[in-house]
Amino acid sequence: MSSITPSSDSAYQDFLRAIKSQVVQSRVGAARAVNRSLIEFYWSFGQLIVERQEALGWGKAVVERLSADLKQEFPEIKGFSPQNLWLIRQFYTEYQQTPNLQQLVGEIPWGHNILIMQRIKDEAARHYYLEATARLGWTRNVLLNQIKAGAYEVSLQDKSHNFKAVLPEYLAEQAEETLKSQYSLEFLGIAQAVHERELERNLIARLKDFLIELGYGFCFIGNQYRLALGDNEYFLDLLFYHRFLKCLVAIELKTGRFRPEYAGKMDFYLEVLNDQERAPDDNPTIGIILCAEKDRLEVEFSLKSKANPIGVATYQLYPEVPEEYQGMLPTDDDWRKLLESALSEEA
């Protein structure tokens with residue numbers, strides 16, 4: 001048998017990578033098939049419980065008895081606890097009238113289904129989280145964080161970008177789904193206005209939380225990422241790679257309101273990144289400008305002439321005051337007057 005020579009080693013490494021990719025795909029496919037089979041079983045199981053209870057007038061006690069009998073017959077199976085049987089029954093009753101969701105529930109694990117079923121009651125919101133989990137592969141913790149952050153509600157807000165004008169339709173839709181109209185940065189614990197570099201340092205210090213807020217698929221490359229063009233150099237605030245969009249994502253941080261010149265600067269950065277950093281099989285680099293405030297019309301006109309995909313979003317540093325309490329809390333000016341009054345009384 002002939003040995004592999006150094007000249008053929010590169011071909012062998014390509015061959016090995018192809019085999020490893022096939023193994024991974026096979027394991028993922030097998031896991032999905034097992035999960036889909038389990039969900040189908042739980043659906044039929046829940047249907048049987050409901051139908052027998054309705055037909056024979058059985059009460060709640062039948063679930064407890066069924067659990068005990070099944071655990072005795074199949075002690076190695078952990079899914080027959082009374083609590084899980086009640087969840088299986090609820091699973092069928094809650095989705096039997098929504099056929100558009102029935103296919104989606106089979107695409108995600110049982111634990112994810114329980115989380116969505118218990119926390120989300122609106123049909124459209126359920127569809128959003130089921131579809132996003134299946135497509136983006138959210139872990140249970142990421143799904144929980146997305147629900148807590150109100151990802152569905154955020155997705156309904158107007159998004160400012162030019163994706164449809166400069167990207168292929170399929171990619172523009174994916175990019176739009178990835179971009180949020182507003183990002184919650186409350187996890188930073190910032191209680192007062194900060195400069196852009198300080199905001200950047202805080203985000204890097206809490207990078208894990210920031211990645212969760214950005215959404216599944218973002219991989220951090222670096223901050224103050226150096227770009228060189230001739231004798232000039234430029235520094236990009238944050239650079240990421242998105243696994244599913246298969247492209248670089250550049251983020252610029254602005255502590256004030258959006259200004260039209262920000263779009264021009266980002267467009268320039270994207271040109272350089274596409275020329276110097278983009279891999280041959282990567283999609284076009286996407287830019288996101290994160291600012292404290294934006295005017296939708298101003299953003300729209302600023303992006304009209306830009307050749308590269310750019311999105312503009314706002315961020316929230318502090319919890320929002322409920323509408324019924326707005327205007328009731330003291331302003332900075334009120335606090336200043338109170339402090340001056342207190343100091344004058346002490347004097």
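How many residues lie between E3 and E4 in their hairpin, and which residue in the turn has a positive phi? Two residues separate the strands, and Gly230 is the turn residue with a positive phi, of about 65 degrees. Keep in mind as you explore that this is a predicted model. The chain comes to 15 helices and seven strands, and buried residues make up 37% of its 347 residues. Let's walk through a group of paired strands, then look at some charged side chains.

**The chain as a whole**

- Take the contacts between residues at least 6 apart in sequence: 61% of them join residues at least 24 apart.
- Twelve salt bridges are found in the structure, and a few of them appear further down.

**Strands E3 and E4**

- Strand E3 covers residues 218-229, and ten bridges join it to E4 in an antiparallel arrangement.
- To find one matching pair, look for Cys219, which stands opposite Tyr241 in E4.
- The turn of this hairpin is where you will find Gly230 with its positive phi.

**Strands E4 and E5**

- E4 spans residues 232-242 and pairs with E5 in the antiparallel sense, over five bridges.
- This pair also forms a hairpin, with four residues between the strands.
- In that turn, Lys246 has a positive phi of about 55 degrees.
- Two matching pairs are easy to look up here: Leu238 stands opposite Ile251 in E5, and Leu239 has Ala250 of E5 as its bridge partner.
- As a general point, side chains in a regular strand alternate between the two faces of the sheet.

**Strand E5 and its parallel partner E6**

- E5 runs from residue 247 to 257 and is mostly covered, with eight of its eleven residues buried.
- On to E6, residues 286-293: this strand pairs with E5 in the parallel sense, over seven bridges.
- One bridge to look for joins Arg257 to Glu293 in E6.
- Helix H13 (residues 260-276) joins E5 and E6 in making a right-handed β-α-β unit.

**Asp237, a buried charge**

- Where is Asp237 found? This residue lies in strand E4.
- Asp237 is buried yet has no salt bridge.
- The nearest side chain of opposite charge belongs to Lys254, 5.4 Å away; a salt bridge requires the nitrogen and oxygen atoms to be within 4 Å.
- What the side chain of Asp237 does reach is the backbone nitrogen of Leu253, at 2.8 Å.
- Leaving aside neighbours within four places in sequence, Asp237 is in contact with several residues, including Glu200, Gly222, Asn223, Gln224 and Ile251.

**Salt bridges to look for**

- In general, side chains of opposite charge can pair when their charged atoms come close.
- Glu213 and Lys180 meet through their side chains in a salt bridge, at 3.3 Å from N to O.
- Glu213 lies in helix H12 (residues 207-214) and Lys180 in the loop between helix H10 and strand E2, so this pair ties together parts that are 33 residues apart in sequence.
- Are Glu213 and Lys180 buried or exposed? Both are buried.
- Glu252 forms a salt bridge with Lys265, with the closest N and O atoms 3.9 Å apart.
- Because Glu252 sits in strand E5 and Lys265 in helix H13, the pair ties together parts 13 residues apart in sequence.
- Glu252 has a relative accessible area of 4%, so it is buried, whereas Lys265 is partly exposed at 38%.
- Arg257 forms a salt bridge with Glu298, and their closest N and O atoms are 3.1 Å apart.
- That pair links distant parts of the chain, with Glu298 in helix H14 (residues 296-303) and Arg257 in strand E5, 41 residues apart.
- Glu298 is partly exposed, with a relative accessible area of 26%, and Arg257 also counts as partly exposed, at 38% relative accessibility.
- Salt bridges that share partners join Glu94, Lys121 and Arg126 into one network.

Methods
Residues are numbered from 1 along each chain as its sequence is written. This is a predicted model: local features need pLDDT of at least 70, side-chain atom pairs count only at pLDDT 80 or more; totals for chains, interfaces and linings use all residues. Side-chain values use heavy atoms; hydrogens and water are left out. Buried means under 20% relative accessible area, exposed over 50%, partly exposed in between (1.4 Å probe, protein chains only). Two strands pair if DSSP finds at least two bridges between them. A crossover is right-handed if, with the strands pointing away from the viewer, the path from the first strand over the helix to the second runs clockwise. Lys and Arg count as positive and Asp and Glu as negative; His and the chain ends are not counted. A polar contact is a pair of N or O atoms within 3.5 Å; within protein, one must be able to donate a hydrogen and the other to accept it, and residues adjacent in sequence count only if both atoms are side-chain atoms. Contact means heavy atoms within 4.5 Å.
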